[in-house]
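Me: Could you take a close look at the salt bridges in this model and describe the residues that form them?

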Amino acid sequence: KYIVTMKPTACQFVVDELTRQGAMGACRLARHKYGYRVFQRLLEHLMPQQTAQLVEGIMLDCVSLSMHRFGTYVMQHVLEYGTDAQRERVIAALMSQIPKVSMNNDAC
């Protein structure tokens, strides 16, 4: 609720804490059964330059996240709210793994 009601600049401490944990922190959040919703709200309400490091962290594992029960929703949000460059990277990664992704029930 905090992320939705506050100004993007007031939420910077959340991004800072997550980026302090490195790329795996962002991936862990995207896979967590409640954390993925926090990630979604960050993508919806913060400025792209604020979420760029978080998105970069999950790009390292975007195909796996796209096929994860909760991570798929984060990747769908990247496709919806991310920058054009971020969208292109996700699409390229998914296209390179079409046989693998197409056989997964959770894939975006």
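Reply: What follows is a description of the salt bridges and of the helices that carry them. This is a predicted model, in which local features need pLDDT of at least 70 and side-chain atom pairs count only at pLDDT 80 or more, while totals for chains, interfaces and linings use all residues. Residues are numbered from 1 along each chain as its sequence is written, and side-chain values use heavy atoms, with hydrogens and water left out.

With a salt bridge taken as a side-chain nitrogen of Lys or Arg within 4 Å of a carboxyl oxygen of Asp or Glu, the count comes to five. One of them joins glutamate 17 to arginine 20, whose closest N and O atoms are 2.7 Å apart; both residues lie in helix H2, three residues apart, about one turn of the helix. Helices here are DSSP runs of H or I with at least four residues, numbered from the N terminus. Glutamate 17 counts as partly exposed because its relative accessibility is 40%, whereas arginine 20, at 62%, counts as exposed, given that buried means under 20% relative accessible area, exposed over 50% and partly exposed in between (1.4 Å probe, protein chains only).

Within helix H4 (residues 35-45), glutamate 44 and arginine 41 are likewise three residues apart, and their side chains meet in a salt bridge at 2.9 Å, N to O. A further salt bridge, at 2.8 Å from N to O, is formed by glutamate 56 and arginine 89. This pair links distant parts of the chain, with glutamate 56 in helix H5 and arginine 89 in helix H8 (residues 84-95), 33 residues apart. Glutamate 56 is partly exposed at 38%, and arginine 89 is partly exposed at 39%.

Conventions: Helix = DSSP H or I, 4+ residues; strand = E, 2+ residues; numbered from the N terminus.
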